[in-house]
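Visitor: Please take a close look at the surroundings of the ligand. I should like one connected account, with the terms defined as you go.

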Amino acid sequence: MPGLPRALTLHGINQWEPDLANDIHDLELLLRSRVPLIVIETRDEKRVTQLFTKLALKLSMPVMAWSATTGLQRIDFEAAPQRHASEPRQALGQIKATNTPAIYLLLDFHPYLDDAYNIRLLKEIAQDHHDLGHTLVLVSHDLEVPPELENLAASFSLSLPDSERLEAIVREEAGHWSKSSPGNKVKTDRATLDAMVHQLRGLTTTDARRIIRSVIFDDGAINPDDLERITRARYRLIESNGALSCEFDTAEFSEVGGLQNLKHWVELRRTAFLEPGGDLDTPQGILLVGVQGGGKSLAAKAVAGMWGIPLLRLDFGTLYNKFFGETERNLREALKSAEAMAPCVLWIDEIEKAIASGDYDSGTSRRILGNLLTWMSERTAAVFIVATANVIEHLPPELIRKGRLDEIFFVDLPDAPTRAEIFAIHLRKRGLKPLDFDILSLAKLSEGFSGAEIEQAIVAARYLARADGGTVDTGHVREEIERTRPLSRVMAEKVAGLRAWAAGRTVPAN
Ligand SMILES: Nc1ncnc2c1ncn2[C@@H]1O[C@H](COP(=O)(O)OP(=O)(O)O)[C@@H](O)[C@H]1O
Ligand SMILES: [Mg+2]
């Protein structure tokens with residue numbers, strides 16, 4: 001049957017991790033180039049020790065690991081832990097005094113890097129590389145190399161698994177599950193599997209495997225429901241500050257009445273955004289401008305829903321909160337977190353508030369906006385921006401200028417057919433049958449209403465009906481419509497101004 005997802009059963013495969021080979025190769029080059037201090041910023045410590053154990057064999061060089069709990073311990077073959085030198089100074093002192101060249105992994109050494117004595121010892125060992133032959137490797141989730149060591153250090157990043165590799169991990173874990181549950185195979189469908197792999201991109205092998213395992217071992221299946229779980233798990237992994245939040249109630253475009261042009265635009269770009277690298281330019285972002293209640297926020301959620309990717313919301317109010325710390329750093333961190341969640345939608349709702357609340361004249365919000373625009377033009381991660389604005393007075397020209405964003409859409413008030421569609425959507429949402437209502441006459445009557453106002457009329461009509469002791473009908477809704485003075489009438493001049501502004505500068509979303 002067309003449209004139905006093709007069922008898929010996953011057979012396990014057994015394969016040595018191929019991506020380990022690239023990292024081993026690159027690390028070997030680094031070691032051979034005689035860099036005395038290697039810095040690896042990662043949460044995947046296990047993988048680093050794995051890499052170095054393999055390298056030890058290849059280079060026939062002993063590898064020692066140090067941590068505050070175990071002290072120094074040889075890891076390239078089974079050796080009894082020595083459990084000595086757990087004090088950083090002691091450990092470094094011992095390394096310095098050792099004549100046999102070795103590689104030393106210093107695990108979570110970062111708290112001790114603000115100690116001048118430790119830095120000095122590290123520097124002396126690194127400087128003596130020619131004589132001693134020791135290579136020091138700092139491994140932590142967060143590493144700031146002290147200036148004294150900068151010229152001696154080189155940083156190394158673990159490669160992240162690509163889609164192919166991620167799917168292989170899914171199959172490996174499916175194999176493990178089948179073994180633990182004989183006769184059963186993990187069930188999924190191609191679309192869900194692809195969506196899952198997309199969501200896992202950017203994660204380390206260890207994190208991805210952990211998430212995959214929990215999804216599979218839960219019920220032996222990978223369902224669309226699991227996708228949200230993956231997003232949640234990912235979001236927990238990135239350290240995001242309060243200015244960035246992950247919104248889980250993304251929407252479907254089927255819940256949005258009208259906005260045909262926008263829907264079509266977004267649909268057309270799905271593949272180019274999710275699978276960049278073809279000959280098409282990667283979509284960057286859009287700005288939605290229009291009267292309040294027209295469905296701009298809803299549409300922003302629907303972009304994430306249609307593409308099946310996380311929706312991250314950037315809140316300028318929090319960013320500017322003076323109790324929250326330094327604004328520019330907050331923005332930098334929030335954007336970095338957004339990049340870590342790529343591919344994703346970064347939603348900046350009511351961007352005009354960013355300018356108003358930040359006191360544009362004092363320079364703070366000017367700077368912040370400048371930083372945001374710079375990031376927008378330089379970012380390489382797949383972060384699609386959806387910004388919305390209700391007013392255009394304060395929108396900075398730099399934001400509107402062509403090239404930053406792909407398109408500026410104007411979300412006008414819905415016309416009669418669209419209003420009918422919106423009535424139907426919201427009646428259905430509340431378990432009511434659109435066919436039981438005279439939707440055409442309601443649509444005609446609600447000229448000048450926004451989507452939000454139409455929804456509100458239905459909500460209020462249900463209260464009215466409840467008070468009457470009956471079920472809601474066309475009469476109740478009509479009464480509410482007649483009672484309402486829509487924003488477009490109250491602020492007719494403003495709306496006209498907005499339309500006039502939009503005419504030459506934007507593309508209609510409807
Ligand atoms: N075009 C629309 N189709 C369906 N519902 C709409 C539409 N426009 C507005 N609504 C309803 O009104 C609510 C508020 O709209 P919202 O998206 O916040 O508007 P805006 O962001 O443009 O001010 C939405 O959550 C939705 O329930
Ligand atoms: Mg809104």
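Guide: Domain bounds here come from an automatic or database domain assignment. The model is a predicted one, in which local features need pLDDT of at least 70 and side-chain atom pairs count only at pLDDT 80 or more, whereas totals for chains, interfaces and linings use all residues. Residues are numbered from 1 along each chain as its sequence is written, and chains are lettered from A and ligands numbered from 1 in the order in which they are written.

The assignment divides the protein into domain 1 (34-155), domain 2 (161-237), domain 3 (245-401) and domain 4 (416-490). Ligand 1 lies between domain 3 and domain 4, because both give residues to the shell around it. That shell holds 17 residues, with Gly 295, Lys 296, Ser 297, Gly 451 and Ala 452 the closest; a residue belongs if its C-beta atom, placed from the backbone, lies within 6 Å of the ligand. Helix H12 (296-307), helix H18 (416-429) and helix H20 (451-468) each contribute two or more residues, helices being DSSP runs of H or I with at least four residues, and strands runs of E with at least two, numbered from the N terminus. By character, the shell comprises five nonpolar, 10 polar and two charged residues (Ala, Val, Leu, Ile, Met, Phe, Trp, Tyr, Cys and Pro count as nonpolar, Asp, Glu, Lys and Arg as charged, the others, Gly among them, as polar).

Turning to the strands, an open sheet of seven runs in the order S9-S11-S12-S13-S10-S14-S15, with mixed pairing. Strand S9 (244-247) and strand S15 (507-508) each have a single partner strand, so one side of each lacks a neighbour in the sheet. Strand S11 (311-314) pairs with strand S12 (344-348) in the parallel sense over three bridges (pairing requires at least two DSSP bridges), and Leu 311 has Val 345 of S12 as its bridge partner.

Val 345 also appears, with Leu 288, Leu 312, Leu 346 and Val 386, among the residues touching the most other members of the largest nonpolar core, which has 55 residues. Such a core is a set of buried Ala, Val, Leu, Ile, Met, Phe, Trp, Tyr and Cys residues joined through C-beta atoms within 7 Å, buried meaning 20 or more other C-beta atoms within 10 Å. Beyond four places in sequence, Leu 312 is in contact with residues including Leu 244, Cys 344, Val 345 and Trp 347 (contact: C-beta atoms within 7 Å).

Cys 344 leads towards domain 2: its C-alpha atom is separated by 8.8 Å from that of Gln 199, 145 residues away along the chain. Gln 199, in helix H7 (190-200), is buried because 26 other C-beta atoms lie within 10 Å.

Key. Buried ≥ 20, exposed ≤ 12 C-beta atoms within 10 Å, placed from the backbone. Contact = placed C-beta atoms within 7 Å.
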